[in-house]
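Please examine the following model. A short dialogue on its architecture and its main pocket accompanies it.

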Amino acid sequence: MAKWGQGDPRWIVEEREDGTNVNNWHWTERDATSWSKGKLQELLVGIVVENEAGHGEISELKQVEGEASCSSRKGKLIFFYEWNIKLGWKGILKESGVKHKGLIEIPSLSEENEVDDTEVNE
C-alpha cells in the first residue's frame, strides 16, 4: 500500500484544484432506466419465429418494471439491472390458419442470473 502522497495520481482528488474524477477512477453511477426501457422495446418487439408449423411474433411490450444503472469504478464499466417484463405475442398456424395470441412473462431479468437460469413463463 502506498504511503500518503505516493499513490496513484488518480486517487488524489483532494489535491486537484478542480477535484476532477480522472477517467472515472472513483465510483460514479448513472441512471439508465429510461434508456433501457426504450432499448428493450426496440430489441424485443418485432422478434419473429417461424418454422414449418407456423409463424409467431412479439407484438407488444405490455409491461416493463424495474431499474437499470451504469456505474464506473477504476475506469471499468459495471451494469446493474433488474426487470419484470411482460410481452404480448401473436401467431398463426400454417396448416389450419388458426390465429393465437398470448403473454410471455420474464419475472426477474437481472445481470446476476445466467441466461440458462432466466425464468420465462407463457
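The questions and answers below concern the fold, one residue and the pocket.

This is a predicted model, in which local features need pLDDT of at least 70, side-chain atom pairs count only at pLDDT 80 or more, and totals for chains, interfaces and linings use all residues. Residues are numbered from 1 along each chain as its sequence is written, and side-chain values use heavy atoms, with hydrogens and water left out.

Visitor: Which pattern does the protein chain follow along the sequence?
Guide: Helices (H or I, at least four residues) and strands (E, at least two) are DSSP runs, numbered from the N terminus. The protein chain has one helix and five strands. Read in sequence order, the pattern is β-α-β-β-β-β.

Visitor: Does Ser 69 count as buried or exposed?
Guide: Ser 69 lies in strand 3. Beyond neighbours within four places in sequence, Ser 69 has contacts (heavy atoms within 4.5 Å) with residues including Glu 29, Arg 30 and Phe 79. Buried means under 20% relative accessible area, and exposed over 50%, with partly exposed in between (1.4 Å probe, protein chains only). Because its relative accessibility is 12%, Ser 69 counts as buried.

Visitor: Which strand gives the most to the lining of the largest pocket?
Guide: Strand 2 (48–50), strand 3 (54–73), strand 4 (76–93) and strand 5 (99–110) each supply at least two lining residues. On a 1 Å grid over the protein atoms alone, a pocket is an open set of points where a 1.4 Å probe fits, with protein on both sides within 12 Å along at least five of seven lines, and lining residues have an atom within 4 Å of a point. With six residues, the largest contributor is strand 4.
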